[in-house]
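Biologist: Walk me through this one. I will keep asking how each term is earned.

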Amino acid sequence: MPFTGKELGKIILDEQNIAKVSINSIKQLDHYNPIDKKIHISEDKINKKSITSISVVAHEIGHAIQDKENYRPLKLRQTLIEKTSSLQRIGTFLLIIGLPSIFTLTKSPFITLIAGVIIMGCLSTNVLIHLITLPVEFDASKRALRILEKYVPKKNMKQCKSVLRAAALTYLAQSIVSIFRLKIILLSFINIFKSFIKR
């Protein structure tokens with residue numbers, strides 16, 4: 001490509017009249033933060049003149065456009081993340097300890113039940129956030145595709161579509177993992193209380 005992801009990103013932001021959003025490098029996951037209005041792109045992509053670089057930057061700009069337009073699923077996801085963060089930290093801590101360990105330490109079915117409910121609540125909110133994220137991600141990829149049609153030769157658009165599809169499907173994979181994790185904890189929870197009943 002004749003430009004890096006960051007260079008094209010600045011052009012797109014100017015065209016979309018999004019003045020307060022900046023593009024920054026990050027060591028890990030690419031994402032848009034609607035709170036501090038920053039697009040974060042991994043160091044291995046941000047300054048590359050590649051289809052992957054420009055496609056990922058365009059995808060994250062898609063989120064910035066959603067934010068500018070008050071796209072409801074994006075706002076809902078952000079609200080859920082903010083309101084469930086404390087619960088998720090507590091649930092994750094209890095999950096690391098594990099229900100059998102909690103019962104062994106406390107010898108209390110009631111405390112173990114409370115811990116199980118908190119863990120299930122934590123993972124349920126996480127699954128919900130991932131499911132809400134899916135339409136947000138696919139919408140951002142659609143927006144990016146329309147933007148890139150202006151800058152990318154037609155012969156390369158198929159490759160852009162593949163990168164954008166992969167960007168959206170990453171969240172589908174995370175949703176599936178969250179659902180399976182919830183199922184495992186639920187089965188573990190049921191088995192523990194079956195053992196209580198047998199006693």
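Biologist: In which helix is Tyr-171 found?

Modeller: Tyr-171 is found in α6. A helix here is a DSSP run of H or I with at least four residues, a strand is a run of E with at least two, and both are numbered from the N terminus. The model is predicted, so local features need pLDDT of at least 70 and side-chain atom pairs 80 or more, while totals for chains, interfaces and linings use all residues. Residues are numbered from 1 along each chain as its sequence is written, and side-chain values use heavy atoms, without hydrogens and water.

Biologist: Which residues does Tyr-171 touch, not counting residues up to four places away in sequence?

Modeller: Asp-30, Thr-133, Leu-134 and Glu-137. Each counts as a contact because heavy atoms lie within 4.5 Å. Leu-134 is 37 residues from Tyr-171 in sequence, yet their C-alpha atoms are 6.3 Å apart.

Biologist: What makes the largest space a pocket?

Modeller: It is an open set of points on a 1 Å grid over the protein atoms alone, with protein on both sides within 12 Å along at least five of seven lines. A cavity differs: a 1.4 Å probe fits there but cannot get out. The volume is about 790 Å³, meaning the space filled by probe spheres set on the points, which are joined across faces, edges and corners.

Biologist: Which residues are closest to the centre of the largest pocket?

Modeller: Leu-29, His-31, Arg-77, Tyr-171 and Gln-174, out of 26 that line it. Lining means having an atom within 4 Å of a point. α3 (72–97) gives the most, with 6 residues. The lining has 9 nonpolar, 13 polar and 4 charged residues. Nonpolar covers Ala, Val, Leu, Ile, Met, Phe, Trp, Tyr, Cys and Pro; charged is Asp, Glu, Lys and Arg; the others, Gly among them, are polar.

Biologist: How do α2 and α5 cross?

Modeller: At roughly 115 degrees, with axes that come within 7 Å. Axes are lines fitted to C-alpha atoms, for helices over the stretch in contact, and angles run from 0 to 180 degrees between N-to-C directions. The contact includes Ile-54 and His-59 of α2 with Val-136 and Glu-137 of α5. Its residues divide into 8 nonpolar, 6 polar and 3 charged.

Biologist: What is the handedness of the crossing of α1 and α2?

Modeller: Right-handed. In such a crossing the near helix is turned clockwise from the far one by less than a right angle; anticlockwise would be left-handed. α1 and α2 pack at about 35 degrees, axes 8 Å apart. Leu-8 and Ile-12 are among the α1 residues there, and Val-57 is one of those from α2.

Biologist: Why are β1 and β3 called paired?

Modeller: Pairing needs at least two DSSP bridges between two strands. β1 and β3 have 5, in the parallel sense, so they qualify. Ser-22 has Lys-38 of β3 as its bridge partner.

Biologist: What is the strand order of the open sheet?

Modeller: β1-β3-β2, with mixed pairing. β1 and β2 are the edge strands, since each pairs on one side only. The twist averages 30 degrees from one strand to the next. α2 lies across β1, β2 and β3, at about 165 degrees to β3.
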